[in-house]
Amino acid sequence: MSAADGPAGPIRVMVVDDHPMWRDAVARDLAESGFEVVATAGDGEQAVRRAKAAAPDVLVLDLNLPVKPGVQVCKELVAANPALRVLVLSASGEHADVLEAVKSGATGYLLKSASTGELLEAVRRTAVGDPVFTPGLAGLVLGEYRRLAAEPAPAPGAGDGEPKAPRLTERETEVLRLVAKGLSYKQIAERLVISHRTVQNHVQNTLGKLQLHNRVELVRYAIERGLDGE
């Protein structure tokens with residue numbers, strides 16, 4: 001079993017970039033390292049269409065795409081399949097681009113200056129739901145979570161006649177608290193002495209119960225309720 005293998009076999013990856021040489025090089029590096037490259041695309045519309053057909057586990061996505069921008073591609077595909085993990089691979093380290101990508105549903109954000117080894121590790125971690133960011137960007141994202149939490153926002157189901165959000169189990173609340181503190185799924189698993197898959201299941205169950213769509217909304221919900229404290 002290669003380093004890219006998981007319990008269900010090789011990680012299925014799709015690469016989206018409008019530069020053919022870069023796109024092919026990334027796809028080749030991934031394939032040679034044991035990942036299953038199921039598709040590539042060179043523009044946003046093509047990316048959405050092919051991703052829906054190929055069903056990758058991880059989408060390695062450039063933001064600067066013709067026809068449809070990368071953030072829109074991310075938003076559409078994650079909405080259609082919340083289990084999809086998106087790793088943005090961009091030349092831009094601009095804070096606005098990073099935050100926009102995360103808000104659109106990206107799991108991680110890596111600069112194109114990263115080494116091949118860093119990219120391969122980032123894809124592995126992204127596949128299991130860990131947030132992966134180029135050093136220096138993780139703090140920026142967590143700071144944005146906190147800023148968003150400070151802004152007034154309606155609670156799920158508020159004002160629409162629906163009952164309040166279902167109660168979370170003690171373990172789901174525990175996992176949610178650690179997610180809000182910025183811990184990766186791997187770190188949470190080690191802290192609670194449970195499997196990585198169990199952490200993922202708790203997060204997915206919590207998203208479903210609270211009618212939230214991604215990690216950004218989940219962290220905001222937790223911070224708003226003070227779950228990121230000691």
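**Salt bridges and helix α5**

Me: Why does R171 count as partly exposed?

Reply: R171 has 29% relative accessibility. Buried means under 20% relative accessible area, exposed means over 50%, and partly exposed is what lies in between (1.4 Å probe, protein chains only). R171 therefore counts as partly exposed. E174, at 30%, is placed in that class too. This is a predicted model, in which local features need pLDDT of at least 70 and side-chain atom pairs count only at pLDDT 80 or more, while totals for chains, interfaces and linings use all residues. Residues are numbered from 1 along each chain as its sequence is written, and side-chain values use heavy atoms, with hydrogens and water left out.

Me: What makes the contact of R171 and E174 a salt bridge?

Reply: The term requires a side-chain nitrogen of Lys or Arg within 4 Å of a carboxyl oxygen of Asp or Glu. Between R171 and E174 the N to O distance is 2.9 Å, so the pair fits the definition. The two residues are three apart in helix α7 (residues 170-180), about one helical turn. Helices are DSSP runs of H or I with at least four residues, strands are runs of E with at least two, and both are numbered from the N terminus.

Me: Which parts does the salt bridge of D62 and K112 tie together?

Reply: The side chains of D62 and K112 meet at 3.5 Å, N to O. D62 lies in the loop between β5 (58-61) and α3 (70-80), and K112 in the loop between β7 (108-111) and α5 (116-127), so the pair ties together parts that are 50 residues apart in sequence. Both residues are buried.

Me: Why is K68 called buried, and what is E76 called?

Reply: K68 has a relative accessible area of 12%, which is under the limit for buried. E76, with 26%, is partly exposed. K68 and E76 form a salt bridge, their closest N and O atoms being 2.9 Å apart. A search of the whole structure finds eight salt bridges.

Me: How do you know where the buried residues of α5 lie around the axis?

Reply: The buried residues of α5 are L119, L120, A122, V123, T126 and A127. They cover an arc of only 160° around the axis, which puts them on the same side of α5. The arc is that of the directions from the helix axis to the C-beta atoms.

Me: What covers these buried residues of α5?

Reply: Among the elements in contact (heavy atoms within 4.5 Å) are β3 (12-16), α1 (20-32) and α9 (196-210).
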